[in-house]
Amino acid sequence: MATAIYLEHYLDSIENLPCELQRNFTLMRDLDNRTEEKKDMIDKLAEEYIAKVKNLASEQRVEHLQKIQNAYSKCKEFSDDKVQLAMQTYEMVDKHIRRLDADLARFENELKEKLEVSGYESTEGRAVKKAESRGLREKRSSRGRARKGSEEDSPKKKKMKNSPELSDALLPMQPSDVLDMPVDPNEPTYCLCHQVSYGEMIGCDNPDCPIEWFHFACVDLATKPKGKWFCPRCTQDKKKK
């Protein structure tokens, strides 16, 4: 609403500006034409003076030179008038630019004051965000408990969790998204990154693996590998043995 008021007032202030600019430009063009006419007259007077100077009396020479001087004076007068018009036109446009800058500054200050008063978001908005955050933590905690129960039921079969129920529970997420979320201190962590469960994960087929579950991105996987899969740490331990 405030933006519309500022814009309306500014448009009203510049309503006559195009006509005033057109008038000044027309006067400047007219002064240019009159100056050119005087310059042509000066050239003719100079040629005539040069051609007849030998036959002219002293008084006639002075009179002829005075005509040329008067023509030059007129040219200078027209040029001065043109400069004044140009300066007037510049000031006219600059005045509106300064007003626009001042209106923008006032509008920004009013907007900042409104944001400070509202605290950048309403109390209801903060309550909704807190509820969403709490619900997200509860979902992630339930996914962690579901995975833990599955491991206890079948400890030797550490396959990817791609059943329909778990697929619905797991949301597509990126590591950066999880790092930005509030973390439940009681939720277990997994993988080489020591982060909570998110996205697609794969279990190491070594029953003695201390980590057990890994994020696809952390172990450079895009799809589930065929056959048994061992994590980088267990693979390295096997090579040492």
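Reader: What is the relative accessible area of aspartate 80?
Author: This is a predicted model, in which local features need pLDDT of at least 70 and side-chain atom pairs count only at pLDDT 80 or more, while totals for chains, interfaces and linings use all residues. Residues are numbered from 1 along each chain as its sequence is written, and side-chain values use heavy atoms, with hydrogens and water left out. A residue is called buried under 20% relative accessible area, exposed over 50%, and partly exposed in between (1.4 Å probe, protein chains only). Aspartate 80 is partly exposed, with a relative accessible area of 38%.

Reader: With which residue does aspartate 80 form a salt bridge?
Author: A salt bridge is a side-chain nitrogen of Lys or Arg within 4 Å of a carboxyl oxygen of Asp or Glu. The partner of aspartate 80 lies 4 residues away, about one turn of the helix, and both residues belong to helix 3 (residues 58-118), where a helix is a DSSP run of H or I with at least four residues and a strand is a run of E with at least two, numbered from the N terminus. This partner counts as exposed, at 53% relative accessibility. The closest N and O atoms are 3.2 Å apart, and the partner is lysine 76.

Reader: How far apart are the closest N and O atoms of glutamate 48 and lysine 52?
Author: These two residues are 4 residues apart in helix 2, so about one helical turn separates glutamate 48 from lysine 52. Glutamate 48 is partly exposed at 34% relative accessibility, and lysine 52 is also partly exposed, at 43%. They form a salt bridge, and the distance between the closest N and O atoms is 3.5 Å.

Reader: Which strands give two or more residues to the largest nonpolar core?
Author: A nonpolar core is a set of buried Ala, Val, Leu, Ile, Met, Phe, Trp, Tyr and Cys residues joined through side-chain atoms within 4.5 Å. The largest one has 15 residues, and those with the most contacts inside it include Ile202, Phe214 and Trp229. The elements that contribute two or more residues to this core are strand 1 (201-203) and strand 2 (213-215).

Reader: What share of the 241 residues in the protein chain is buried?
Author: The protein chain has 7 helices and 2 strands, which follow the pattern α-α-α-α-α-α-β-β-α when read along the sequence. Among the 241 residues of this chain, the share that is buried comes to 24%.
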